Amino acid sequence: MNPVMHHAQLDWDDQGRPHSRVFDDVYFSDQSGLEETRYVFIEQNRLSERFAALPADGRFVIGETGFGTGLNFLCAWQLFEQQAVAGARLHFVSVEKYPLSPSDLQRALALWPELKVFADPLLAQYVAIHQGFQRLMLDNGRVTLTLLIGDALEQLPQLDAHIDAWFLDGFAPAKNPDMWTAELFAELARLAAPDSTISTFTSTGWVRRLLNAAGFKMRRTPGIGHKWEILRGAFLGWPEETPAPAAIKPWFARPTPLVGERRALVIGAGLAGCASAASLAARGWQVSVMERHGELAQEASGNPQGVLYLKLSAHSTALSQMIISGFGYTRRLLEHLQRGVDWDGCGVLQLAFNAKEAERQAQLAAAFPADLVHLLDQPQAQAKAGIELTHGGLFYPQGGWVHPPALCQWQATHTHVQRLLHREALELRKVDDQWQAWDGETLLASAPVVILAGAAEIKRFAQSAELPLKRIRGQITRLPQTAQSQSLATVVCAEGYVAPARLGEHTLGASFDFKSDDLTPTTAEHLGNLELLKEISTDLVSRLHAEQLDPEQLQGRAAFRCTSPDYLPIVGPLADNQAFAQAYAALSKDARQVPDVACPWLDGLYVNSGHGSRGLITAPLSGELLAAWLDNEPLPLPRAVAEACHPNRFALRRLIRGNG
């Protein structure tokens, strides 16, 4: 992963319009960008009539090359608001190599005061826009914007979606030829839904011929302003003479979407369960959340402060991609909560406490843009943290701490979410098309769809018993704030972490215990946490009067993290293990085989678990991933990352290992 020139480099003309330095081109017409957008993209794709024809649970997916100032998106959203019935949803997927900075985007969109009612919510959610897939939820989930940040020919091949209308809107072919290639047009064709349409402002002959060769039927049509002609077209189908795209392997293919009532039962009301419920509720599902405790977020999601912290790899691993996308998604959700009580974007400082860690940090700082993470030397780190430190380290300026129960509560307040508290499901049974949750002889609830989000407790169900989840006990210590400790200005991490105070208390932690099943906080682990504090800052130990505190009287809580062997979450549809092994037995002899056998899904049964200590970052976006599986929508992550998180990966590995 190379650090990209993260933001667009702009100049502004005397009328306040942006101009790209890199491509030496304008973002929109010098006559009327608004009229051009509406004519070239809205009108040529017949969006007014197509939006009006959507049913109440319908959706429309627009794909775009070149997000730019977001003008096309805002015009499409405005028309959708005017034409589509309540309950219909708009997905807008746009690729952008050089996104505008928030301040530049605000300046550009100020040119269109008639779009302010749509621009303001976009600007409010336009935070933590980093490399890869970034999902923004707008209008209470009625409108979804997925930005693919990076080169179009790197990002689009990772997209799993069915696009109903394409806006081909990169900079002009003469200025940016890389955006107008046969390879790119093949990706547009791969992603095109039946009856997909396409339009573009250019009428260049070779662009038209390449699009025709990719399976679109293009024709010139009168232009607008100084453009004599533009192109519009429709997708006819994949060309016979061109090799078809590789099929998705059946064990990772999408299950057939369920028809009938859109009702789901989520078992577990922590971060994963509440995120799953919120994502489905935003799509019109009626969701019941079942929790064995009397309140939400009572186990690992119940800590007073969790750290919004990116543990990255310098290489573009599936986990790193998941973390960057998940961090952005969570960070945008937090904008809905109360800063200072529910969360704080105070930044996170990871100390370089030894030579090996310093080397790792230098590699990370070289691999990512500075607005995501950058190095601080010891004086800079000390100034940032507000306490004396012996080391510098990596600083994540958009990180911070979160009160996880507040996020869970906010997600579960949707009108379509019902809470079923003090109910503990011990068994799942499938009767006709309904999953039933039972506690002994008592039927607790039933629904056509069940999502298992109860961390490692989901192993109690026969259908998910073979998932390799393990529990790791962790204990945090709560330390009273002092007048001197108020200077701590950012989360500081070494082997442990300490956060600035929330409601008069600092959170310090957290221990790792792979053996204990007892959740009673222990003095030994409080003492261990205080040792972690000494490694962070002896000055902070002094400011907190930690050595004068009676270890026996320290307060804290213990909970179980739930993790998988590869440290990725487990998110997606569940298959019948025995039938899976039979269907794909050929893999045990030759791992390259792809038997033409449909996956034996447990129809309607899904899982969202295995988030480890990263639940704040991975669980909310995993709720979106589940909703995309269930509603056959564009995935919020690259297809390869979704497959890396898929429950079937373990059954697949078991079969392949049988190969010897």
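**Exercise 1. Locate S196 and describe its surroundings.**

S196 belongs to strand 9 (residues 192–200), strands being DSSP runs of E with at least two residues and helices runs of H or I with at least four, numbered from the N terminus. The model is predicted: local features require pLDDT of at least 70 and side-chain atom pairs pLDDT 80 or more, while totals for chains, interfaces and linings use all residues. Residues are numbered from 1 along each chain as its sequence is written, and side-chain values use heavy atoms, without hydrogens and water.

Step 1. The relative accessibility of S196 is 0%, so this residue counts as buried (under 20% relative accessible area; exposed is over 50%, partly exposed in between; 1.4 Å probe, protein chains only).

Step 2. Leaving out residues up to four places away in sequence, S196 touches I163, D164, A165, W166, A234 and F235, where contact means heavy atoms within 4.5 Å.

Step 3. For D164, the backbone oxygen lies 3.4 Å from a polar atom of the S196 side chain.

**Exercise 2. Determine whether Q44 is buried or exposed, and identify its polar partners.**

Step 1. Q44 sits in the loop between helix 1 (33–43) and helix 2 (47–52).

Step 2. With a relative accessible area of 5%, Q44 is buried.

Step 3. The side chains of Q44 and R232 are joined by a polar contact of 3.1 Å. Such a contact is a pair of N or O atoms within 3.5 Å; within protein, one must be able to donate a hydrogen and the other to accept it, and residues adjacent in sequence count only if both atoms are side-chain atoms.

Step 4. A polar atom of the Q44 side chain also lies 3.2 Å from the backbone oxygen of Y39.

**Exercise 3. Characterise the hairpin of strand 6 and strand 7.**

Step 1. Strand 6 (residues 132–138) has 7 of its 7 residues buried, so it is largely enclosed by the rest of the structure.

Step 2. Its pairing with strand 7 (residues 143–149) is antiparallel, over 7 bridges; pairing requires at least two DSSP bridges between the strands.

Step 3. G132 has I149 of strand 7 as bridge partner.

Step 4. The hairpin has 4 residues between the strands, and D139 takes a positive phi near 55 degrees.

**Exercise 4. Give the strand order of the open sheet of 6 strands and find its edges.**

Step 1. The order is 20-13-12-24-31-30, with mixed pairing.

Step 2. Strand 20 (417–420) and strand 30 (570–575) are the edges; each has a single partner strand, so one side of each lacks a neighbour in the sheet.
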